[in-house]
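Welcome, and thanks for taking a look at this fold. Below is a friendly walk through its sheets, its helix packing and a few backbone details.

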Amino acid sequence: MGSASTSSRRASSSPGWPDASSRPTRSTHAALFLGERRLLLDAGCASSIARFVVPSLAQLGLDLEDLDLLVVTHSDLDHQGGVHALKAANPGLLVSCGAADVPLVADPEALVMGRYDAFRADHGIGYDDETLRWMREESGKSEPVEIRLTGGESIRLGPGWQLSVLHVPGHSPGHLALFDSRSGALFSGDCVQGSVYLGLDGTPKLCPTYTDVDLYLETVAKIEALEPRELHGCHWPAARGDGVQSFLAETRGYVEQIDELVRGSLTEPATLQDLIDRVNSRLEGLWPDGPAQELVYSLHGHAERLVEQGLATRDRSRPVVYRSSA
Ligand SMILES: [Zn+2]
């Protein structure tokens, strides 16, 4: 990889992201809670409101004005992109998200720069212009967040029915999940990701995209201790009974596997791009070029964690070079 200005890897498509210009390649689930208060968990992409949310509500005899509260699990375009459209149609809707995610949820440009384009300056890695244009479009227009949740709150939906708010960071700093103690179901967003995101056709579309390894592992432990009877993530089939703990074990196992592969890849100095290429080759080339670039989120987290642990160094060159100090 050369300098930041010339070496941005082209992501050949927007792997794993719902593609507004064609048929969706994978799904995002938004949960609707119908108590005395009506709560929508996640807003989808900007285009999702007209395409999916309005028709789904209509099937229930509802429209956007019937919603009382929106909880955005975390700062990503497929979870926050529809916030502006929801609020424009229903000014009485209360918009909430995790406190640490507020800056990115409230400002789509901050989302693009702070999340999707975060590796360009230091690592020379970023999406191509076409993908960034699509990301800006699907991130929607800016919309203030009215309620900042930090975990520990409970949201009363009706008599005897409340949801507990959990702070479950790792994929994003302010990530939230909602626990329904009546059913024992946890609505987990993207806070635990197993070992892969599958597409609607059942094939692998996207690798796990946690960003902070230690926080992510703490979140796995927190959910294990909670022992939910059901786990409803936004991009994974619902898990029930023993399936919940096995999904959590798969989530942790993937992190441990990648950590080992990153350490094994640092026998020679490596840029973040080198780490992506080396780890993907050790995954037996699991991912084609575009989707392989999505490893950037987790591998950056693993490399920075090795630096924090004193097991690697990060030099001042651009792109940054990591070296093992073990
Ligand atoms: Zn997502």
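## Sheets, helix pairs and backbone details

The model contains an open sheet of six strands, ordered E6-E7-E8-E9-E12-E13, in which the pairing is mixed. At its edges are strand E6 (154-158) and strand E13 (239-240), each of which pairs on one side only. Please keep in mind that this is a predicted model. Its mean pLDDT is 92, and 92% of the residues reach 70 or more. The stretch to treat separately is residues 1-22, where the pLDDT is below 50. Beyond near neighbours in sequence, that stretch has 59 contacts in the model.

**Inside the six-stranded sheet**

As general background, strands of a sheet pair through backbone hydrogen bonds, and they do this either parallel or antiparallel. Starting from one edge, E6 runs antiparallel to strand E7 (residues 161-167), and four bridges join the two. Within this pair, Arg156 has Gln162 of E7 as its bridge partner. The hairpin of E6 and E7 has two residues between the strands, and Gly160 takes a positive phi near 70° there.

Moving on, E7 also pairs with strand E8 (residues 176-180), in the antiparallel sense and over five bridges. Here His167 stands opposite Leu176 in E8. At the other edge, strand E12 (residues 230-233) and E13 are antiparallel partners over two bridges, and Leu231 faces Ala239 in E13.

**The three-stranded sheet and its helix**

A further open sheet is formed by three strands in the order E14-E16-E15, with antiparallel pairing. Strand E14 (270-271) and strand E15 (312-314) each have a single partner strand, so one side of each is left without a neighbour in the sheet. E14 pairs with strand E16 (residues 321-324) in the antiparallel sense over two bridges, and Thr271 stands opposite Val321 in E16. Helix H12 (residues 296-308) packs on this sheet and touches E15 and E16. The direction of H12 makes about 110° with that of E15.

**How the helices pack**

Two packed helices are described by the angle between their axes and the distance between the axes. Here are three such pairs from the model.

| Helix pair | Axis distance | Angle |
|---|---|---|
| H5 (residues 108-116) and H7 (residues 129-138) | within 9 Å | roughly 140° |
| H8 (residues 213-226) and H9 (residues 242-265) | within 10 Å | roughly 160° |
| H10 (residues 272-282) and H12 | 10 Å | about 110° |

Take H10 and H12: their axes are 10 Å apart at an angle of about 110°, which means that H10 is roughly perpendicular to H12. The crossing of these two helices is right-handed. H10 contributes Leu272, Leu275, Ile276 and Val279 to the contact, while H12 contributes Val296, Leu299, His300 and Ala303. By class, the residues of this contact are seven nonpolar, one polar and no charged.

What is the relation between H8 and H9, whose axes cross at roughly 160°? H8 and H9 are roughly antiparallel to each other, and their crossing is left-handed. From H8 the contact uses Val213, Tyr216, Leu217, Val220, Ile223 and Glu224. From H9 it uses Gln245, Leu248, Thr251, Arg252 and Val255. The contact of H8 with H9 divides into seven nonpolar, two polar and two charged residues.

For H5 and H7, the axes come within 9 Å and cross at roughly 140°, which makes H5 oblique to H7. H5 passes H7 in a right-handed crossing. Pro108, Val112 and Tyr116 of H5 meet Leu132, Met135 and Arg136 of H7. This contact has five nonpolar residues, no polar ones and one charged.

**Two backbone details worth a look**

Most residues other than glycine have a negative phi, and most peptide bonds are trans. Where does the model hold a cis peptide bond? Such a bond joins Arg318 and Pro319, with omega about -5°. Pro319 is found in the loop between E15 and E16, and those two strands are also the ones that H12 touches.

The other detail is Asp42, a residue other than glycine whose phi is positive, near 85°. Asp42 sits in the loop between strand E2 (38-41) and helix H1 (48-59).

Methods:
Residues are numbered from 1 along each chain as its sequence is written. This is a predicted model: local features need pLDDT of at least 70, side-chain atom pairs count only at pLDDT 80 or more; totals for chains, interfaces and linings use all residues. Axes are lines fitted to C-alpha atoms, for helices over the stretch in contact, and angles run from 0 to 180 degrees between N-to-C directions. Angles under 35 degrees count as roughly parallel, over 145 as roughly antiparallel, 65 to 115 as roughly perpendicular and the rest as oblique. A crossing is left-handed if the near helix is turned anticlockwise from the far one by less than a right angle, and right-handed if clockwise. Two residues are in contact if their C-beta atoms, placed from the backbone, lie within 7 Å. Ala, Val, Leu, Ile, Met, Phe, Trp, Tyr, Cys and Pro count as nonpolar, Asp, Glu, Lys and Arg as charged, and the others, Gly among them, as polar. pLDDT is the predictor's confidence in each residue, from 0 to 100. Two strands pair if DSSP finds at least two bridges between them.
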